[in-house]
Amino acid sequence: MPKKRKQYGDDDGRTVADMNVEGMPWYVPKREKPAADDDGPELDPAQKRTAMRGMLAAALLIAGIFIVGALLFILFCLFIWLK
């Protein structure tokens, strides 16, 4: 005779953390869904160049912010903190 599960008033049935971890005794392998072949819309060469230019600009902007922050920190250390 199976045990009855406790019923909680605030339980809505959602999974918070999946406990099906490989290597555990209760692990049940799931079937992998086939990958979708949808790579998005086809772009012509001019659109690809524009997209790549935009991605490069975004990456360089973020890298520039980090470099400026590091330089400011070095200047702060040299002229204020370690003086």
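Reader: How much of the accessible surface of the protein chain belongs to carbon and sulfur atoms?
Author: This is a predicted model, in which local features need pLDDT of at least 70 and side-chain atom pairs count only at pLDDT 80 or more, while totals for chains, interfaces and linings use all residues. Residues are numbered from 1 along each chain as its sequence is written, and side-chain values use heavy atoms, leaving out hydrogens and water. The accessible surface (Shrake-Rupley method, 1.4 Å probe) comes to about 9,100 Å² for the protein chain, and the share of carbon and sulfur atoms is 65%.

Reader: Why is the protein chain described as more spread out than a compact globule?
Author: The protein chain has one helix and zero strands (DSSP runs, H or I of at least four residues for helices and E of at least two for strands). For 83 residues the globule rule (2.2 Å times the number of residues to the power 0.38, with the radius of gyration taken over C-alpha atoms) gives 12 Å, and the chain is more spread out because its radius of gyration is well over that, at 27 Å.

Reader: Is Pro25 buried or exposed?
Author: Pro25 has its place in the segment before α1 (45-81). With a relative accessible area of 76% (buried is under 20%, exposed over 50%, partly exposed in between, with a 1.4 Å probe and protein chains only), Pro25 is exposed.

Reader: How far apart in space are the C-alpha atoms of Leu71 and Ala46?
Author: Leu71 has its place in helix α1, where Leu71 is partly exposed at a relative accessible area of 49%. Leu71 and Ala46 are 25 residues apart along the chain, and the separation of their C-alpha atoms is 37 Å.
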